[in-house]
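Load the model in your viewer and set it to cartoon. The stops below go from a sheet outward to the contact between domains.

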Number of protein chains: 2
Amino acid sequence: MSESKEKVTEISQLGEFGLISHLTKEFPLTNSTSLLGVGDDAAIIDTTEGKEILVTTDLLLEGIHFDVRYVPLKHLGYKAAVVNFSDIYAMNGTPRQITVSLGVSARFTVEHLEQIYAGIRLACENYGVDLVGGDTSASRTGLVISITCIGDVDKGKAAKRSGAKETDLICVTGDLGAAYMGLQLLERENSVAAQSGDPDFQPDFSGKEYILQRQLKPEARKDIIEKLKEAGIVPTSMMDVSDGLSSELLHICKSSDVGCRVYEDRIPIDYQTAIMAEELNMNLVTAAMNGGEDYELLFTVPLIDKDKIDKIEGVKMIGYITKPELGAAMVTRDGQELPIKAQGWTAF
Amino acid sequence: MSESKEKVTEISQLGEFGLISHLTKEFPLTNSTSLLGVGDDAAIIDTTEGKEILVTTDLLLEGIHFDVRYVPLKHLGYKAAVVNFSDIYAMNGTPRQITVSLGVSARFTVEHLEQIYAGIRLACENYGVDLVGGDTSASRTGLVISITCIGDVDKGKAAKRSGAKETDLICVTGDLGAAYMGLQLLERENSVAAQSGDPDFQPDFSGKEYILQRQLKPEARKDIIEKLKEAGIVPTSMMDVSDGLSSELLHICKSSDVGCRVYEDRIPIDYQTAIMAEELNMNLVTAAMNGGEDYELLFTVPLIDKDKIDKIEGVKMIGYITKPELGAAMVTRDGQELPIKAQGWTAF
């Protein structure tokens, strides 16, 4: 929010309905199921034989879920949309439509909202999703972003949290902990900037582009869902890693009434994540297990799918599902079993 | 929020996931299309042959859309759900599922949230809707309620804003302006209470129960949608009256590229609304045309349906659709034509 020299249009100049049509005019409907978009009492979505509908929603509040002092508004819009797409992929589905509601306080101008919507539009283009509704209203206080995403999945093929079975393999995509380390970096540079008192302070992000991008512009694993489908694999359970691997593993164990073992030395971690943890003197495995906001996929598959999984790039087997009596534990490098505890980021 | 002598449970005692399961445990899934509800990455909704899906969403912010000083939390929950159902009915559809996201500031306890959810549950029971998702998070500031409603409608039978045709009859259900007058009453009594400085001040609402109820506990016109279906009527256009009749008429005229004439002496107004307007020295017709929050249905039907409409109790014909060149106007009791202007309540 440092674009003070740019054009400034007060929201009141457009009014509520003018604002909505201004912000949404460059969102074409591209999905065949999007029958009616923004501008009526409700959007109309066609149904397709053999499909079930998926619905997920996220409420993002300034000061709790994001900080506009160091998150560019376009990135914020992009991320707000993508994290919803991620929830649909995590059901083994495809996101098709979103609605976006914004609550904006007086310090926001039309140009600020244009940036948020530019980010949402880019996300919609990248993932083939249509904006079909929502509203914009004043907020007494901070920025509020509420997004609902509608998707579809082949009947009976949705991957819930509750289907993991004993001996299933536990798989995770990409690498973990980078988004959390990116957040630590942003917070450190922000506090250095504040202490320096220099308005032209330039943070030093060189060599740390990956962890920054993971925090500011995460991607949802559309590619993995497509590869699983091609390989004929339906995960027995699946979630996206938003609160942290520990928290998600416990969700799956509780919902499926199973236990699990994951191996410390199998947790995928990028070298930038490791370097940043070293720099900040933080425990790397703790960051990877509890960091959150990675939006990677955590899923389980039957043992019989092991060879197929081996062939999919970007997926790593990190452990296996056990009887419930054995509980959820991490096996350390020296063979010890440490109970997994949820230390995931929580909004309270 | 004056229940300070009641039991107090801090939200942090339950944690985010504990809180959600505590608040949602008494919401059974009753619709056959609700395949999976709260507790996964997304809800799963079955599709039905011959149906289209409707999606609407509303973001309600404390201090902008409601004031907890004089709105009981249970009523707030009820109304927040019902206004979404109303949007689905306004498409000629049936609401089936909702998701509810809450942002709550530190001054709210678990018991406060239970009241909000009790209101939502009552609304869900009354209208046959299932709660299937949502989340709850901390808010730095006020209470935030974001509800998305999913409904369905027979393929091709959705009533948009854009289908009104010249000579169509304009109909409205119930009566208008009462919710607005109820709000005026609440605000007056609240300011009298503040001025009196008496903590035991009892507002005087006798003889004003109807307008109060219209403001605090509005109902959606499920009954009318059912009667229209029984009568074989598909409105050419329809909206619910949330921002005020003037504003909604202009939406239909703009979307349908038509004009309209409505007769001042046909606008349905309850006598409590009239008495309150008199007491507050406000123009009654202005209140009825621009008040908003009535959640009645405004719709148009072909002339040929006139006899059928005459037989439906609770529906009143107030005018007709014209060529676009004639604009939108109200015909006063003395035969003058006054252009209709949007003075509806706006959130900016």
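Two strands count as paired here if DSSP finds at least two bridges between them. Keep in mind that this is a predicted model.

Start with strand 13 of chain A, residues 328–331. Three bridges tie strand 13 to strand 14 of chain A, and the two run antiparallel. Now pick A:Ala329. Opposite A:Ala329 stands A:Pro339, in strand 14 of chain A.

Widen the selection to the whole sheet. It is open and has seven strands in chain A, ordered 9-11-8-12-10-13-14. The pairing is mixed. Which strands stand at the edges? Select 237–240 and 337–339 of chain A: these are strand 9 and strand 14. Each has a single partner strand, so one side of each lacks a neighbour in the sheet. Look along the sheet next. On average, neighbouring strands are turned by 25 degrees against each other, direction ignored.

Add helix 7 of chain A, residues 245–256. Helix 7 lies across strands 9, 10 (259–263), 11 (297–301) and 13 of chain A. Against strand 9 of chain A, helix 7 runs at about 150 degrees.

Zoom out and colour by domain. The domain assignment of chain A gives domain 1 as 11–154 and domain 2 as 169–339. Their C-alpha centres lie 26 Å apart. To the contact, domain 1 of chain A brings 15 residues and domain 2 of chain A brings 18.

Last stop: helix 2 of chain A, residues 73–89. Helix 2 gives the most to the side of domain 1 that touches domain 2, with nine residues. By class, that side of domain 1 has nine nonpolar, three polar and three charged residues.

Key:
Residues numbered from 1 in each chain as written. Chains lettered and ligands numbered in written order. Predicted model: local features only at pLDDT ≥ 70, side-chain atom pairs only at ≥ 80, totals over all residues. Helix = DSSP H or I, 4+ residues; strand = E, 2+ residues; numbered from the N terminus. Axes fitted to C-alpha atoms, helices over the stretch in contact; angles between N-to-C directions. Contact = placed C-beta atoms within 7 Å. Domains from an automatic or database assignment. Nonpolar A, V, L, I, M, F, W, Y, C, P; charged D, E, K, R; others polar.
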